[in-house]
Amino acid sequence: MTATQILLLIGAYFLVLILISYFTGKNDSNVDFFKAGKQSPWYVVAFGMVGASLSGVTFISVPGWVADIQFNYFQVVIGYIFGYLVVAFVLLPLYYKLNLTSIYEYLLERFGTVSHKTGAFFFFISRVLGASFRLFLVAIVLQQFVFDDLGVRFEFTVTISILLIWLYTNRGGIKTIVWTDTLQTLFMLTAVVLSIILINDALGWSFGEFLASDELKDYSSILQTDILDRNYFIKSFLGGMFVTICMTGLDQDMMQKNLTCKSLKDAQKNMVSFTFVLVGAKILFLLLGALLFIYAKRESIAMPLMDGTPKTDLLFPEIALNGGLGLALAVTFMLGLIAAAYSSADSALTSLTTSFCVDFLNVEKKSESEQKKIRKRTHIAMSFILVVVIIAFKYILSSNVIDSLLTVAGYTYGPLLGLFAFGIFTKHTIKDKYVWIVAILSVVIIASVASIPASYLGGYSVGYELLPLNGLLTFFGLWLIRNKGANVSTAQ
């Protein structure tokens, strides 16, 4: 597939998204931008959330990770299931009861202004880094397989990507995202299924023969039983559960979609159905990863290089675009990749705009005309920040992207976990002005623990348990600054 063909495909794809934006953004109001008028059908939200949760990281990085950890990642996925149940039946009832626009407004009602700003700040850092990780991965693929051939610099690739997202989210916001995510999820899941079918066909296998093959057994080990390993089952399971609670239930990006449903019951149906579809999709991506490495080995395809270093994240695009499997696989891959990238990034940009407007700029207290001006300016500012961070990643990021994403989550979402847990499960009030100190200290301590060499811990390698540990430390710190004898009448 030539660079010109890929550019035409990308152009056609964005024309469709802009058309959807035209119909959903006619009102151009803050109510629609932030909450979609609370009229979104739950099944549309559920299906669209799959694409936002998978993103370009899952589409490329999970298959590329299979060579390193086989199917150990599924241990994390099992944890996801339990995490989503907590989101559906503990957090969503709270958010609907308080009728929130930004979920961090809960911290304002429960503890005070400093807690509110602290929670919103950690979301801001978390989502900027998370969205940048996802878009970075897609940008390097587009750069290596399209724009390098055209003599275009990486910085320009990133800027254009963000500009396109801004174009179709600028007016409709979350109302547009709900519908574009649905289309993008369809493209993404179709791409992974067709990729599996086409690569199996090239190998002369049916899907059943692939599942029964000896080659698959070399990659399909799920359970890691060595307690010293960073991917040990219990650590991965707990990490997956708490990553889900934090990166979905305590994340404005994901919760903003749920809060557009008509009722709590609809939002819960959305979350449960979404969980089952997402787990099935994760299994498909792991199978695809094994299939890619089997095909690369049979055809003697070398691991693609980025800046002279082998990059497993680039194996899927290398085989899809240059593996001699035909135009159908190339087109399928590019549609899936574009959908995976922008289904996550567009909602991230919208949620960052929402949170910053509501949590830091108090936009809801302004006049209606001023609200719209603030929202539009903030949307541009958030776009600029994402461009800068993504470009920076090119020069500082070295490991597999999904591994990096889950590791960073351990630092940035921990304080949110501790704050919400303390608010929900205790009745204590706290000395609000000290909350930011507790949060910062917790992150510093966790970062120090993570830096301890395994040799100093008897061979024990610290993994995804950092997130719940971070939350626990924050919870303990809040306990220390509680107002003794002064409780709320009921836990919120």
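**Contacts, burial and a pocket: a conversation**

Modeller: Let's start with Y232: in this predicted model, Y232 touches Q75, Q224, T225, D226 and I227, leaving aside residues up to four places away in sequence.

Colleague: What makes you say that Y232 "touches" those residues?

Modeller: The word stands for a contact, which means heavy atoms within 4.5 Å. By that test Q75 is on the list for Y232, although the two positions lie 157 residues apart along the chain. Their C-alpha atoms are separated by 8.6 Å.

Colleague: Where is Y232 found?

Modeller: In the loop between α10 (214-217) and α11 (233-249).

Colleague: Zooming out, what share of the contacts with a separation of 6 or more comes from residues 24 or more positions apart?

Modeller: For the protein chain, that share is 86%. The chain has 20 helices and four strands, and buried residues make up 60% of its 492 residues.

Colleague: Why does H379 count as buried?

Modeller: H379 has 0% relative accessibility, and buried means under 20%, so H379 qualifies. H379 lies in helix α16 (residues 368-396).

Colleague: How do you know that the side chains of H379 and T353 make a polar contact?

Modeller: The pair comes out at 2.8 Å, and the limit for N or O atoms is 3.5 Å, so the distance passes. One atom must also be able to donate a hydrogen and the other to accept it.

Colleague: And C357, buried or exposed?

Modeller: Buried: its relative accessible area is 0%, set against the cut-off of under 20%. C357 is found in helix α15 (residues 327-360). From C-alpha to C-alpha, C357 and T378 are 7.1 Å apart in space, with their positions 21 residues apart in sequence.

Colleague: Why is S300 put in the class it has?

Modeller: At 65% relative accessibility, S300 is exposed, because that class needs over 50%. S300 is found in the loop between α13 (264-298) and β1 (305-306).

Colleague: What is the phi of S300 like?

Modeller: Positive, near 55°, in a residue other than glycine. N99 is not a glycine either, and has a positive phi of about 50°. N99 is found in the loop between α4 (73-98) and α5.

Colleague: How do you know that the reach of helix α8 is close to what is expected?

Modeller: Helix α8 (residues 174-203) has 30 residues and reaches 43 Å from first to last C-alpha. The expected span is 1.5 Å times one less than the number of residues, which gives 44 Å here, so the two values are close. Just after α8, G204 takes a positive phi of about 80°.

Colleague: Which residues line the second largest pocket?

Modeller: E105, L108, T113, H116, K117, V358, N362, V363, E364 and K365. The pocket holds about 170 Å³ of space. Each of α5 (105-110) and α6 (113-150) supplies at least two lining residues, and α6 gives the most, with three.

Colleague: What makes a residue part of that lining?

Modeller: A lining residue has an atom within 4 Å of a point of the pocket.

Colleague: And how do the lining residues divide into nonpolar, polar and charged?

Modeller: Three are nonpolar, three polar and four charged. Leu counts as nonpolar and Glu as charged, so L108 goes with the nonpolar ones and E105 with the charged ones.

Notes:
Residues numbered from 1 in each chain as written. Predicted model: local features only at pLDDT ≥ 70, side-chain atom pairs only at ≥ 80, totals over all residues. Heavy atoms only, no water. 1 Å grid on protein atoms, 1.4 Å probe; cavity = no way out; pocket = protein on both sides within 12 Å on 5 of 7 lines; lining within 4 Å. Points joined across faces, edges and corners; volume = space filled by probe spheres on them. Buried < 20%, exposed > 50% of the residue type's maximum accessible area, 1.4 Å probe, protein only.
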